[in-house]
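The two exercises below are meant to be worked through with the sequence and the coordinates at hand. Try each task before reading its solution.

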Amino acid sequence: MKLFAFSLREYDEKKYLEQICSELNIEYGYTSEYPSMDNLHLAKGYDTISIITNPINQEMLDTLKEYGIKAVSTRTIGYDHIDIEYAKQIGIKVCYAPYSPNSVANYTIMMILMACRKIDFIMKKSALLDFTLKGNCGRELSLCTVGVIGTGRIGETLIKHLSGFGCKILAYDIYEKESVKEYAEYVSLDKIYSDSDIITLHVPGLPENKHMICAETIEKMKDGVILINAARGMLIDTPALVAGLNSGKIGFAALDTIENEAGLYYLSFQDKVLPNTDFHLLSGMPNVMLSPHMAFYTEEAVSDMVTNSVKGSLSAMKGEDSPFIVC
Ligand code: NAD
């Protein structure tokens, strides 16, 4: 099998790609460039491509099909950036790469604690040698009610880890899990909104979940609620979020992901004008903390992402079943 990797980072991913390709006897090529209509031709002569979170639309899938590509494998858990239905329709397999949920679950707890203790604001003040207490007073996580929306791999891990803080945990998912009930109480979505001091999102960026946090749902939340998003930017309607932050309805938002972040995160804009108005708006707000889609980023996760992406492609090529094949 011959695999071509787009957006490959030489400083962390390449060593894992080399390792797994040599183990499985796979020939590979790569570029650090993101896939686009201008460079898809690099994949000519290969059997599969490996990508990260850049959109793969119908036009790109048609071109890949023309080049004889049989599988597109994303080195990420989320695969909403690939037009799955169209890939299925034209017979291109899609694979994804699950990795340890600890990475995002740990990061979410960090964001929750940072938000509760206003640490971003405090560090900025301290950098200006302002060590006064005024405005720094935080909230104790242990006394908060945390609402977790989505109790899949990450949500469940988060709930288990959060339970050590002694906070009350409410959970919502379309599928309830017995293993979660030991640590959290499943309630309706409306009760999550009305009773939670902190709400954290762990559902996928599927079309039906687009803007699940909107003006109507924000209205149902407690005044001063802390909103955490380490899932997908499209889950939150940005103008409604900004309105909620402006009015104080939302006390604080910690966002590892924002709407329309493609073409922004993982790139450098030094000396350039940043082409994203939402980012400018949110980054200028004192009650917002942004991180550039980093929650997954640990050594263990990078190794799993590359390795599982290659394993999925190989299984797809051989027509074997694999937990890494989406369709
Ligand atoms: P998962 O598939 O294991 O869990 C998702 C859960 O959401 C499932 O239990 C599903 O039933 C539930 N769900 C889907 N739609 C729902 C809805 N409308 N209401 C309630 N529940 C709903 O996925 P996971 O591994 O736990 O990952 C969750 C999401 O986290 C991913 O899809 C991805 O978008 C995001 N993620 C972000 C990062 C990051 O670096 N920030 C990294 C990995 C994953």
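**Exercise 1.** In this predicted model, establish how many cavities of 30 Å³ or more a search of the whole structure finds, and describe the lining of the largest cavity by residue class.

*Solution.* Begin with the search of the whole structure, which returns 1 cavity of 30 Å³ or more. Next, take its volume, which for the largest cavity is about 50 Å³. Then list the lining, which is made up of Asn229, Gly233, Ile236, Thr238, Leu241, Leu255, Thr257, Ile258, Glu259 and Leu282. Finally, sort these lining residues by class, with Gly counted as polar, and the result is 5 nonpolar, 4 polar and 1 charged.

**Exercise 2.** Determine where the ligand sits, which residues come nearest to the ligand, and which polar atoms lie opposite its oxygen and nitrogen atoms.

*Solution.* First, place the ligand, which sits in the largest pocket. Second, examine the shell of 23 residues around the ligand, of which Tyr99, Arg153, Ile154, Asp173 and Asn209 come nearest; by class, this shell holds 13 nonpolar, 6 polar and 4 charged residues. Third, look for pairs of N or O atoms within 3.5 Å. A side-chain N or O atom of Asp173 is 2.6 Å from an oxygen atom of the ligand, whereas Ala230 places a polar backbone atom 3.1 Å from a ligand nitrogen, and Phe296 has a backbone N or O atom 3.1 Å from a ligand oxygen. Last, consider the cover: on its own the ligand has 870 Å² of accessible area, and the protein covers 86% of this.

Conventions. Residues are numbered from 1 along each chain as its sequence is written. This is a predicted model: local features need pLDDT of at least 70, side-chain atom pairs count only at pLDDT 80 or more; totals for chains, interfaces and linings use all residues. Side-chain values use heavy atoms; hydrogens and water are left out. On a 1 Å grid over the protein atoms alone, a cavity is a set of points where a 1.4 Å probe fits but cannot get out, and a pocket is an open set with protein on both sides within 12 Å along at least five of seven lines; lining residues have an atom within 4 Å of a point. Grid points are joined across faces, edges and corners, and a volume is the space filled by probe spheres set on the points. A residue is near a molecule or strand if one of its heavy atoms lies within 4 Å of it. A polar contact is a pair of N or O atoms within 3.5 Å; within protein, one must be able to donate a hydrogen and the other to accept it, and residues adjacent in sequence count only if both atoms are side-chain atoms. Accessible areas come from the Shrake-Rupley method with a 1.4 Å probe; for residues, only the protein chains shown count as cover. A molecule sits in a cavity or pocket if more than half of its atoms lie within 2 Å of its grid points.
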